[in-house]
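Visitor: I'm new to this one. Can you walk me through it?

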Amino acid sequence: MKRIAVFPGSFDPITRGHESIVRRAVPLFEKIIVAIGVNAEKAGFFPVEKRREWLEKVFENESTVHVDIYSGLTVEYCRKNEINFILRGLRTSADFEFERSIGQINKKMFPPIETVFLLTIPEYTALNSSIVRDIIRYGGDPTPFVPEGVKF
Ligand code: ADP
């Protein structure tokens, strides 16, 4: 069976932390789908099509990395698309506690799924999309925190 992973998230916007996790996971999986999860009740900061465009640009030279948009349960998306791994990044113990319950519940709902965690590299531990949004909102320069080629 092929090893196909989904990297689910909001990517609102993509940061160097996300980019690093995906690039490090490339040798582990035959295919990685970076999937933007959308929530009908919660509009994002950036339009979902813009987020998709940035992801496609960042990974344009990674032939095994694809970008998609989904709504609903991640495990349902996995079931429909024959995905057997969920990829997640771990920054802190708070991430771990949050991810542990989601991972365990996902496994209960869809037993074939395995969640694979990669530890963040230390310089990206403090980085998240909400900080990047704040920098942009208040006129700072987000360039050091977002992948090359992502322009606002
Ligand atoms: P969510 O809406 O699920 O929190 P995010 O877009 O914030 O989605 O994150 C998606 C994934 O990327 C999560 O697994 C998260 O832990 C990981 N991630 C986010 N920022 C970083 C970072 N700086 N280093 C490593 N992983 C990260």
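Guide: Let's start at the ligand. This is a predicted model. In it, an oxygen atom of the ligand is 2.6 Å from an N or O atom in the side chain of S10.

Visitor: Which backbone has a polar atom 2.7 Å from an oxygen atom of the ligand?

Guide: That of G89. It is a polar backbone atom there, not the side chain as with S10.

Visitor: And what lies 3.0 Å from a nitrogen atom of the ligand?

Guide: An N or O atom in the side chain of T120.

Visitor: How much of the ligand does the protein bury?

Guide: The protein buries 85% of what the ligand exposes when taken alone. That starting area is 550 Å².

Visitor: Where does the ligand sit?

Guide: In the largest pocket. Three elements each give two or more residues to the shell around the ligand: β1, α1 and β4.

Visitor: How many residues surround the ligand?

Guide: There are 14. The closest are S10, G89, T120, Y124 and L127.

Visitor: What classes make up the shell around the ligand?

Guide: The shell has 6 nonpolar residues, 6 polar ones and 2 charged ones.

Visitor: Back to α1. Is that helix mostly covered or mostly open?

Guide: Mostly covered. Of its 10 residues, 7 are buried.

Visitor: Which ones are buried in α1?

Guide: G17, H18, E19, S20, I21, V22 and A25.

Visitor: What happens at the start of α1?

Guide: A side-chain oxygen of T15 reaches to within 3.1 Å of the backbone nitrogen of G17.

Visitor: Why does E19 count as buried?

Guide: Because its relative accessibility is 16%, and buried means under 20%. E19 is part of helix α1.

Visitor: How far is E19 from V146?

Guide: In sequence, E19 and V146 are 127 residues apart. In space, they are 8.5 Å apart, C-alpha to C-alpha.

Visitor: New topic. What about the backbone between β1 and α1?

Guide: Take P13, which is in that loop. The strand β1 covers 4-9, and the helix α1 covers 16-25. The peptide bond from D12 to P13 is cis, with omega near 5°.

Visitor: What are most peptide bonds?

Guide: Most are trans.

Visitor: What else is in that loop?

Guide: F11 is there too, between β1 and α1. Its phi is positive, about 50°, although F11 is not a glycine. Most residues other than glycine have a negative phi.

Visitor: Is F11 buried or exposed?

Guide: Buried. Its relative accessibility is 2%.

Visitor: Which residue has a positive phi of about 55°?

Guide: E82, which is not a glycine either. E82 lies in the loop between α3 and β4, a strand that covers 85-90.

Visitor: Why does E82 count as exposed?

Guide: Because its relative accessibility is 65%, and exposed means over 50%.

Visitor: One last stop. Where is G72?

Guide: In the loop between β3 and α3. The strand covers 65-71 and the helix covers 74-81.

Visitor: Is G72 buried or exposed?

Guide: Exposed, with a relative accessible area of 57%.

Visitor: How far is G72 from V132?

Guide: They are 60 residues apart in sequence. C-alpha to C-alpha, G72 and V132 are 26 Å apart in space.

Definitions and conventions
Residues are numbered from 1 along each chain as its sequence is written. This is a predicted model: local features need pLDDT of at least 70, side-chain atom pairs count only at pLDDT 80 or more; totals for chains, interfaces and linings use all residues. Side-chain values use heavy atoms; hydrogens and water are left out. Helices (H or I, at least four residues) and strands (E, at least two) are DSSP runs, numbered from the N terminus. Buried means under 20% relative accessible area, exposed over 50%, partly exposed in between (1.4 Å probe, protein chains only). A residue is near a molecule or strand if one of its heavy atoms lies within 4 Å of it. A polar contact is a pair of N or O atoms within 3.5 Å; within protein, one must be able to donate a hydrogen and the other to accept it, and residues adjacent in sequence count only if both atoms are side-chain atoms. Accessible areas come from the Shrake-Rupley method with a 1.4 Å probe; for residues, only the protein chains shown count as cover. On a 1 Å grid over the protein atoms alone, a cavity is a set of points where a 1.4 Å probe fits but cannot get out, and a pocket is an open set with protein on both sides within 12 Å along at least five of seven lines; lining residues have an atom within 4 Å of a point. A molecule sits in a cavity or pocket if more than half of its atoms lie within 2 Å of its grid points. Ala, Val, Leu, Ile, Met, Phe, Trp, Tyr, Cys and Pro count as nonpolar, Asp, Glu, Lys and Arg as charged, and the others, Gly among them, as polar.
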